Amino acid sequence: MRLQVRIPLNCLSQLRRNVARSTKNGFLADDKGVVAVLFAIVVPVALGFGAVAIDGSNLYVNRNLLQTSADAAARAGVAHLPDGTDARAAALYYGERNMPTDRYGTVVSTEDVVIGIWNAEARRFEPTANGNGNAIRVTARRQVPLFLARIWGTGWTDVDASAIAALVAEPGNFCVLALGTQAENIAFQGGNQLIVDAPGCSAASNSTAESSMRVTGQPSNVTFQSFHAVGGAIESDLEKINLLEPARLNRGRAFADPYADFDVPTGLTYRTVPSQQGNQSVTMQPGIYSDPVSFRGNFDVVLDSGVYVFDSGFDLGGSVTVTGSDVTIIVRGDVDIAEDLTFPGNVTVNLVAPSEGGTAGLALVGLGNVDIRMQGNPNVNIDGAVYTPQGNIHFAGNPGSAGCLNLIGNSVSMIGSASFANNCESSGTSPIMTTRAALVN
């Protein structure tokens, strides 16, 4: 609806006469002092807007520069953890490189670099008194000169920006992990007869030595996605194998044992060793076997689904074929006495690990000083993880997997032919985690 207001003509005429009379009598006729009043009102307002525009833009630019410097310093520093000294040095260096001292002054001081623990769940940074941690907080600060704001007596203002970077764990595409810190704890031995086909996964070594890996001979058929090491690898050895991605140095950050908390499930039944005659097949039940178990000949050993614990060894020979689905084999040994879980000669092993439960993803486990050996010419097909944290894994003959195969031991050596697949999404295996430096706040 439109509202219309009509004013009579005689009222408009009277209004004009009143305005003219007021002007003639002096009201609105004397404009002395008006300019001064307007100047006193308008100029401070104009300067205020100018200060907001000019000084505000200057502060905004400096704030962005400081944030960029803090981000770069934090990311550079955290990449050097757990070495706190190197982490601080890197943060200070990159802080200065982004905002040079001769132009901006010192924007990142030693006290502005703090090492601590990043709690991802609570999204909280907690400084540590001993200087150890998985995260670093960097604050970049400086006094920024003001321009128009000086008319109010303010020539400088403090501006700062902070950044927190942390080592973030994430699953990698690893299928081999050597947990030991000794030199050459991943080894490839042989010439062209050594074939390792693992284009979809990488090998990792926790060795702190410069020679984490050793390649003996001149193999040309060893393929991995990449090789990661805490220490390093000799360049000539790296050149002997095929890496689809460049080798990477983890700067002293060890790979975590994905099964460090593993323990033998409780409630297992003690079993007696089944008798075997001639070439008859043998069916075994899950549980704990305290007596030695030895099968030699030309027959099948069928393992019903479940967990098998062998306290006195599990010995196979001849042309025995061992088959089990949803099965975990655990050999318990003395930590001071080396023992072997060996698959020799013409033995055939077909194992699929459970995909859930307390032993999910684990096919073969050695607890104690137990070496797992596949030597001679065995035909071993394992879908799951082979795990012996204090023992060594010797992969020889023709072991492999078309599904998911992980090797995790104190050391890992390969001789002969082996194939690895990284199709572990539904296998229940615990992924081997890698770390990357990332800004978290």
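This report walks through two sheets, one helix, one enclosed strand and three loop residues of a predicted model.

Residues are numbered from 1 along each chain as its sequence is written, and side-chain values use heavy atoms, with hydrogens and water left out. Since the model is predicted, local features need pLDDT of at least 70 and side-chain atom pairs count only at pLDDT 80 or more, while totals for chains, interfaces and linings use all residues.

## An antiparallel sheet and its helix

Let's begin with some vocabulary. Helices (H or I, at least four residues) and strands (E, at least two) are DSSP runs, numbered from the N terminus. Two strands pair if DSSP finds at least two bridges between them. Strands of a sheet pair through backbone hydrogen bonds, either parallel or antiparallel.

Here, 5 strands make an open sheet with antiparallel pairing, in the order 2-1-3-4-30. Its edges are strand 2 (124-127) and strand 30 (433-439), each of which pairs on one side only. On average, neighbouring strands of this sheet are turned by 35 degrees against each other, direction ignored; for such angles, axes are lines fitted to C-alpha atoms, for helices over the stretch in contact, and angles run from 0 to 180 degrees between N-to-C directions. Within the sheet, strand 3 (residues 135-145) pairs with strand 4 (residues 156-171) in the antiparallel sense over 11 bridges. One spot to find on screen is threonine 139, which stands opposite serine 162 in strand 4.

Which helix packs on this sheet? Helix 3 (residues 84-98) does, touching strand 1 (113-119) and strand 3, where contact means heavy atoms within 4.5 Å. The direction of helix 3 makes about 115 degrees with that of strand 1.

Helix 3 has 15 residues and spans 21 Å from its first C-alpha to its last, close to the 21 Å expected at 1.5 Å a residue (the expected span is 1.5 Å times one less than the number of residues). Its buried residues are Gly84, Ala87, Ala90, Ala91 and Gly95; buried means under 20% relative accessible area, exposed over 50%, partly exposed in between, with a 1.4 Å probe and protein chains only. Seen down the axis of helix 3, these buried residues fall within an arc of 130 degrees, so they line one face of the helix; the arc is that of the directions from the helix axis to the C-beta atoms. The face turned away from the buried side carries the exposed residues Thr85 and Arg97.

At the start of helix 3, a side-chain oxygen of aspartate 83 comes to within 3.2 Å of the backbone nitrogen of threonine 85.

## A strand with parallel partners

Now look at strand 28 (residues 405-415). Because 9 of its 11 residues are buried, strand 28 is largely enclosed by the rest of the structure. The table lists some of its pairings.

| Partner of strand 28 | Sense | Bridges | Example pair |
|---|---|---|---|
| Strand 5 (residues 174-178) | parallel | 3 bridges | valine 176 and leucine 407 |
| Strand 6 (residues 186-189) | parallel | 4 bridges | alanine 187 and serine 413 |
| Strand 27 (residues 379-395) | parallel | 9 bridges | alanine 385 and asparagine 406 |

## A parallel sheet

In another open sheet, 4 strands run in the order 12-10-7-29 with parallel pairing. Strand 12 (242-243) and strand 29 are the edge strands, each pairing on one side only. Strand 10 (residues 221-224) joins strand 12 over 2 bridges in the parallel sense, and phenylalanine 224 stands opposite leucine 243 in strand 12.

## Three buried loop residues

Leucine 194 sits in the loop between strand 6 and strand 7 (195-198). With 1% relative accessibility, leucine 194 counts as buried. Leucine 194 and isoleucine 415 are 221 residues apart in sequence, yet 6.0 Å apart in space, C-alpha to C-alpha.

Serine 212 lies in the loop between strand 8 (202-205) and strand 9 (213-216). Is serine 212 buried or exposed? At 0% relative accessibility, serine 212 counts as buried. Leaving aside neighbours within four places in sequence, its contacts include Glu184, Phe227 and Gly231.

Serine 427 belongs to the loop between strand 29 (417-419) and strand 30. It counts as buried at 12% relative accessibility. The side chain of serine 427 reaches the backbone oxygen of cysteine 424 at 3.0 Å. A polar contact of 3.0 Å also joins the side chains of serine 427 and threonine 429. A polar contact is a pair of N or O atoms within 3.5 Å; within protein, one must be able to donate a hydrogen and the other to accept it, and residues adjacent in sequence count only if both atoms are side-chain atoms.
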